[in-house]
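The following exercises concern salt bridges, burial and pocket lining. Each task is followed by a solution worked in steps.

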Amino acid sequence: MALATLLSPRRYKKEEREAGKAAAIMGMIGISEGAIPFAAADPVRVIPAIVAGGIVGNVTGFMMHSINHAPWGGWIVLPVVEGKMGYILGTILGALTTALVVNLLKKPVTDEEEIATPDGGYEVIEAEGEAEVLAITACPSGVAHTFLAAKSLQKAAAKAGIKLKVETQGANGIINRITAKDVANARCVILAHDVAIKHRDRFANIDIIDVKTKDAIHNPDGLLARTLAGSSKVA
């Protein structure tokens, strides 16, 4: 999927292109969660493409008699692989197959789709000082739940008519950073995380709602309702 965003970036939204950078690093070390944001957003096209790439990659490795002696994947295990050239070729051909198939199935993203989703739309706020509510999402992998939680909150905020700015702290760094001006103009911040939040001291003078990413994914409406009712600071 990282290769797909590189070969045809116009078929992916900004957040998906950012997720692609992290997916590249994760894929090299055998962590498959980098594909989750893509599969969750467009399973009908992404999952068959990944299956096709898996078939091509594995058949190539079998034909070239490659054997991986580690219970893991990615190129990080190359030191314990027999038939290294077959293993490398298999992963390259598999990734290329997935990228070509998914890009063949996907249509280019329009300007309207960059800031909206088909099921009602949501605004991605990037400007300083406009948001009523702030949020940060972060998970151990820095990809899957980080972006799923962000999207869930953004959709719920759009439905509730709340201006929400979301900062993601992922494998590819901090995206859409919350500034001092944002904090000064907002009424509270939602910290949806499974790992420590970076630069948390920014929120010393604002109410905090501290939850897990799963809460943001499964109950974003409830979290935003708490911001309207008035939140209690959680250290």
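What is the relative accessible area of Arg187, and is Arg187 buried, partly exposed or exposed? Arg187 is partly exposed, with a relative accessible area of 33%; buried means under 20% relative accessible area, exposed over 50%, and partly exposed in between (1.4 Å probe, protein chains only).

The model is predicted: local features need pLDDT of at least 70 and side-chain atom pairs count only at pLDDT 80 or more, while totals for chains, interfaces and linings use all residues. Residues are numbered from 1 along each chain as its sequence is written, and side-chain values use heavy atoms, with hydrogens and water left out.

**Exercise 1. Describe the salt bridge of Arg187 and place its two partners.**

Step 1. The partner of Arg187 is Glu132, at 3.4 Å from N to O. A salt bridge is a side-chain nitrogen of Lys or Arg within 4 Å of a carboxyl oxygen of Asp or Glu.

Step 2. Glu132 belongs to the loop between helix 6 and strand 3, and Arg187 to the loop between helix 8 (180-185) and strand 6 (188-193), so the pair links distant parts of the chain, 55 residues apart. Helices (H or I, at least four residues) and strands (E, at least two) are DSSP runs, numbered from the N terminus.

Step 3. Glu132 is partly exposed, at 27% relative accessible area.

**Exercise 2. Examine further salt bridges in the whole structure.**

Step 1. The search of the whole structure gives nine salt bridges.

Step 2. In one of them, Glu126 pairs with Lys14, and the closest N and O atoms are 2.8 Å apart. Because Glu126 lies in the loop between helix 6 (111-114) and strand 3 (133-138) and Lys14 in helix 2 (residues 14-28), the pair ties together parts that are 112 residues apart in sequence. Glu126 is partly exposed at 41%, and Lys14 is partly exposed at 38%.

Step 3. Lys106 and Asp42 form a salt bridge of 2.9 Å, N to O. Both Lys106 and Asp42 are buried. Asp42, Arg45 and Lys106 are linked in a network of salt bridges.

**Exercise 3. Characterise the lining of the largest pocket.**

Step 1. The largest pocket holds about 1200 Å³ of space. On a 1 Å grid over the protein atoms alone, a pocket is an open set of points where a 1.4 Å probe fits, with protein on both sides within 12 Å along at least five of seven lines; lining residues have an atom within 4 Å of a point. The volume is the space filled by probe spheres set on the points, which are joined across faces, edges and corners.

Step 2. Of the 36 lining residues, the closest to the centre are Gly27, Gly74, Thr91, Gly94 and Ala95. Helix 5 gives the most to the lining, with eight residues.

Step 3. By class, the lining has 18 nonpolar, 18 polar and no charged residues. Ala, Val, Leu, Ile, Met, Phe, Trp, Tyr, Cys and Pro count as nonpolar, Asp, Glu, Lys and Arg as charged, and the others, Gly among them, as polar.

**Exercise 4. Determine how the buried residues of helix 10 are arranged.**

Step 1. In helix 10 (residues 220-229), the buried residues are Pro220, Leu223, Leu224 and Thr227.

Step 2. Seen down the axis of helix 10, these residues fall within an arc of 95°, so they line one face of the helix. The arc is that of the directions from the helix axis to the C-beta atoms.

Step 3. The face turned away from the buried side carries the exposed residues Leu228 and Ala229.
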